[in-house]
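Biologist: I would like to go through this model with you, one question at a time. Where should we begin?

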Amino acid sequence: MEKCIELIDKLRKNTELSYDEYLYLIKNRDICKDYLYKNASEVRDNIYGKKVYIRGLIEFTNYCKNNCLYCGIRRDNKNIERYRLTKEEILECANAGYNLGFRTFVLQGGEDLYYTDEMLCEIIKEIKNNHPDVAVTLSIGERSFESYKKLKEAGADRYLLRHETADKSHYEKLHPKEMDFDNRIKCLEELKRLGYQIGAGFMVGSPYQTEENLASELIFLKKLNPHMCGIGPFISHKDTPFKNEESGTAELTLFMLGLIRLTLPNVLLPATTALGTIDPLGREKGIKAGANVLMPNLSPGSVRKKYMLYDNKICTGDEAAECLECLKNRIKTTGCEIEITRGDYKN
Ligand code: SAH
């Protein structure tokens, strides 16, 4: 316990921890966790207040050219009905979301070549035109520098691209041969260079992941210094090669959330839907462990069940308004509250 306190206090003073020190904390998480969560939520409160930012997630296509071994919308999954939202449908989601109080929209999808740069630019421009006070976040995978540049010029503010794991050999166990770890990292660097607020992230408890990998994640994140970091438990999906793999746990995800908050005090840190799926109170616990963002779904009811990245995803039967009401009530139990704002990164 003494060593836990020493290391967590060190992080609070903004002193970097070594790989071995992170590993010590992860291995001893049972005894360190309460002290970690207390410190992590204090750090969040000092920077962002007891506020939780909401992002409206618009899952606009489940077509994907990639074949990530863990993902339910992978190319080879023939068991799902594919869909694409039209520009009008996307704009309608954004309008409805705006009226509910959302000031950030996240356009997420599989890597779907149907949407050209031109189409995406038009969608971004129209959203920004209709609602000049919102931020647009993209989460559409790996693209060229030129494409990222065009999308930025069209008005995109942020980009979420989870690196999935900081270890190249682990990356290769989660992805088919044609996918390349170095390219994914290069994309993150290019996005940063173009002036996007960037979001990295990884799954907790993905197949073959070790505690050592998790220690490396923190060293990697400290160096990359992203504005956002999305983490959630890996959850197996029945129509993927990882269908029989064990899912990650809320317990370890929460501990990683706390460590990320202390490692990157200003980071925007979501309590993810995957965390709420693996544990009914996962998102509330995530907030208590230092998270400060929630990303409820704004996609139309008719397509929600089709964007199944993993089994048993929650909130796929609800309307956006219901989701928000439910989240507001849930968040109250944590002592925090939802704020209507773009929720930009604080320097
Ligand atoms: N095509 C985009 C969006 C991917 S989906 C991109 O490449 O960035 C968003 C995230 O969902 C992924 O980055 C991955 O970390 C997560 N995800 C996918 N399958 C998952 C699973 N089975 N369990 C938990 N998270 C998963």
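Modeller: This is a predicted model. Let us begin with a bridge: Val52 is partnered with Ile338 in strand 9.

Biologist: How many bridges join strand 1 to strand 9?

Modeller: Strand 1 covers residues 51–54 and runs parallel to strand 9. The open sheet has the order 8-1-9. The number of bridges joining strand 1 to strand 9 is 3.

Biologist: Which strands stand at the edges of the sheet?

Modeller: In the order 8-1-9, the pairing is parallel. An edge strand has a single partner strand, so one side of it is left without a neighbour in the sheet. That describes strand 8 (293–294) and strand 9 (337–339).

Biologist: Which helix packs on the sheet?

Modeller: The helix touches strand 1, strand 8 and strand 9. Its direction makes about 130° with that of strand 9. It spans residues 320–332 and is helix 14.

Biologist: Of what kind is the ring pair of Phe60 and Tyr115?

Modeller: The whole structure has 8 aromatic pairs. In this one the ring centres are 4.8 Å apart. The planes stand at 85°, and over 60 degrees counts as edge-to-face, so the pair is edge-to-face.

Biologist: Is Ser236 buried or exposed?

Modeller: Ser236 is in the loop between strand 7 (228–233) and helix 10 (250–263). Its contacts include Phe242, Tyr310 and Asp311. Its relative accessible area is 13%, and the cut-off is under 20%, so Ser236 is buried.

Key
Residues numbered from 1 in each chain as written. Predicted model: local features only at pLDDT ≥ 70, side-chain atom pairs only at ≥ 80, totals over all residues. Heavy atoms only, no water. Helix = DSSP H or I, 4+ residues; strand = E, 2+ residues; numbered from the N terminus. Buried < 20%, exposed > 50% of the residue type's maximum accessible area, 1.4 Å probe, protein only. Contact = heavy atoms within 4.5 Å. Pairing = 2+ DSSP bridges. Axes fitted to C-alpha atoms, helices over the stretch in contact; angles between N-to-C directions. Phe/Tyr/Trp six-rings, centres within 6.5 Å; stacked < 30°, edge-to-face > 60°. Lists of a residue's contacts leave out its neighbours within four places in sequence.
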